[in-house]
Amino acid sequence: MGNGNSTETKESRRSKMRQKIKNFQSRRRLRRPGSGSVSGLVSQRSVSADDFAGIALLTLMGAEMKFKDKWLACVSFGEQTFRSGVSDSTDKPMWNSEKKLLLEKNGPSLARISVFETNRLLKNNIVGYCELDLLEFLVQEPDSTCKSFDLLDPASSNVVGTMFISCSVEDPVETETCFAKRILSIVDYNEDGTLSFSEFSDLMNAFGNIVAADKKEELFKAADLNGDGVVTIDELAALLAIQQEQEPIINSCPVCGEALQLSDKLNAMIHMTLCFDEGTGKQTMTGGFLTDRQASYGWMFKLSEWTHLSTYDVGLNTGSSASHIVVIDRKTKRLVEELIDSKIVMSMRAIYQSKIGLRLMDQGAKEILQNLSEKQGKKMNSVESAQNIPSFLEFFKDQINMAEVKYPLDQFKTFNEFFIRELKPGARPIACMDQDDVAVSAADCRLMAFQSVDDSMRFWIKGRKFSIKGLLGKDVHSDGFLDGSLVIFRLAPQDYHRFHSPVSGVIEKFVDVSGSLYTVNPIAVNSKYCNVFTENKRTIVIISTAEFGKVAFVAIGATMVGSITFVRKEGDHVKKGDELGYFSFGGSTVICVFEKDSIKIDEDLLANSARSLETLVTVGMQLGVSFPKLENCVLEP
């Protein structure tokens, strides 16, 4: 009878533990990438003790909006995005959704919270956003009360609502101190803050270490320092510290079951801390998204993902295969989605990613593109074209900041006048302005940088016939550039379309090269069937510098870009950051070729490019330094 009760109690205890861990794991699965829907998302990368800044617990409490709707909120942080559930139809949505985020001293710290109205089947509409620097909460006193933040319209920066957020950050010492408490809570069934032998046994089993599981009695006695028959938090912490030094007992995470690196105690602790539910009763935000736009899409988009008609990804050849282009913002270190019409994506893939499509090009489509670009150029110079400006701004409303534009909107009499808009003085600070041995970004663009031409062909340019000689043409003496460094500045239609000198020097000459007007979108650049950069219309500018030798600045036309205009002439001396010219309507590209061993490109740009991930930069951001000077200057904000 007694044995029966004992067995029943034991089974009840095991059942309780299984259910508790199952609950933990189900919550954890919500945060991981969905199978098939989001690829290319890496798991938590290792962080060093010197770089570990803490762990933030961010809670989206609710918002006050100016009209009623069903609302959802997204948090974008680094290369991860998470979303809340959808609220009821109201102007005061409540989410009470939380998420833990790993903070690194040299990693992202700015979290962007976006609020979407969800009344559309295919695409939800962003209404407002706010940003907060999570590292600032590290130096503040813990505060459980929520704070209010203005929600800004992405297009106008007008206030469109109020967001209520609670955030607390525990530093590395606090994380280590609380670690044993979190582990203890998994099997502390009666919640008395101590572990009986049976609870301790269940914990050892959850650690996935067979040796430790067989030595449960020995380990329990070692932990129970005062011999009172239970293990306290302090005793468990001491045992874990000793065992992890001598003979680690934690082989796998007791929450998600993932195998842990036994030799890496810090990252094992971080992993489990991020996994644990703090028991606040709030909803955990759903993860596995790259951008807030992806997280916000409706069920029609999810269906297209499931049928593989629409994919998100980062990595090698992504531009050629994904229907959404994802780039990383250098300033915020956050992934963002480039806006492009889906019908245009499908047509570009049909043309540039197939032999049949390129055959059509060879059989007269090049002339069609040329004529189309010329007609579109004339159209965008007409007074009637100004009517297209509002719809253009609406489509790109969270990617064009009109507050930076020099002249008010009513000053633009044609679409092209708006397209080649100037910015206010100081809108683009130039990094290390007084140091000519520091090169800077030539454009607002998506940038790819390679220390060698071979690297560019391995990670990005897939045209079989690409070469520096082909790029620069027969009228430029190219021998000095053959083994040099290559930087590609790709401008999208929403970008500021004036380009600037990346270096200080004298303009030696201009060389015009006639050619086609293929698109410069990654879908074409990543195509093995065409050679966009060596076949398109382009102008080569040779700049002679004291610090970098000669620099070849190549302005490349593209579909819809019928005009490349320069505002400088041969013999002019230019300072880095000075305007060189502008592209008329369309997407376009600048390529800078540096002579071999003349520049050391910044490591973050090289690292992103090695992942085939374009970096979103603005004019004047640091690009690299000349050899032999290799110190980085501080990036201008």
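What pLDDT does the chain average, and what percentage of the residues score at least 70? In this predicted model, the average pLDDT of the chain is 80, and 74% of the residues score at least 70. Confidence drops in places. Over residues 24–42 the pLDDT is below 50, although this stretch has 41 contacts in the model beyond near neighbours in sequence. Another such segment is residues 316–321, where pLDDT stays under 50 and the model has 20 contacts beyond four places in sequence.

Helix α3 makes a good starting point for a tour of the fold. This helix spans residues 197–206 and is largely enclosed by the rest of the structure, because 8 of its 10 residues are buried. The buried positions are Ser198, Glu199, Phe200, Ser201, Asp202, Leu203, Met204 and Ala206. After α3 comes Gly208, which has a positive phi near 75 degrees.

Strand β13, covering residues 325–329, is likewise worth a visit. The strand is mostly covered, with 5 of its 5 residues buried. Two partners of β13 can be described. With strand β14 (residues 334–338), β13 runs antiparallel, and 5 bridges join the two. Within this pairing, Val327 stands opposite Val336 of β14. The hairpin formed by β13 and β14 has 4 residues between the strands, and Lys333 in this hairpin adopts a positive phi near 60 degrees.

The other partner is strand β27 (residues 615–617), which pairs with β13 in the parallel sense over 2 bridges. Here Asp329 is found opposite Leu616 of β27. Strand β13 thus has an antiparallel pairing with β14 and a parallel pairing with β27.

How values were computed
Residues numbered from 1 in each chain as written. Predicted model: local features only at pLDDT ≥ 70, side-chain atom pairs only at ≥ 80, totals over all residues. Heavy atoms only, no water. pLDDT = per-residue confidence, 0-100. Contact = heavy atoms within 4.5 Å. Buried < 20%, exposed > 50% of the residue type's maximum accessible area, 1.4 Å probe, protein only. Pairing = 2+ DSSP bridges.
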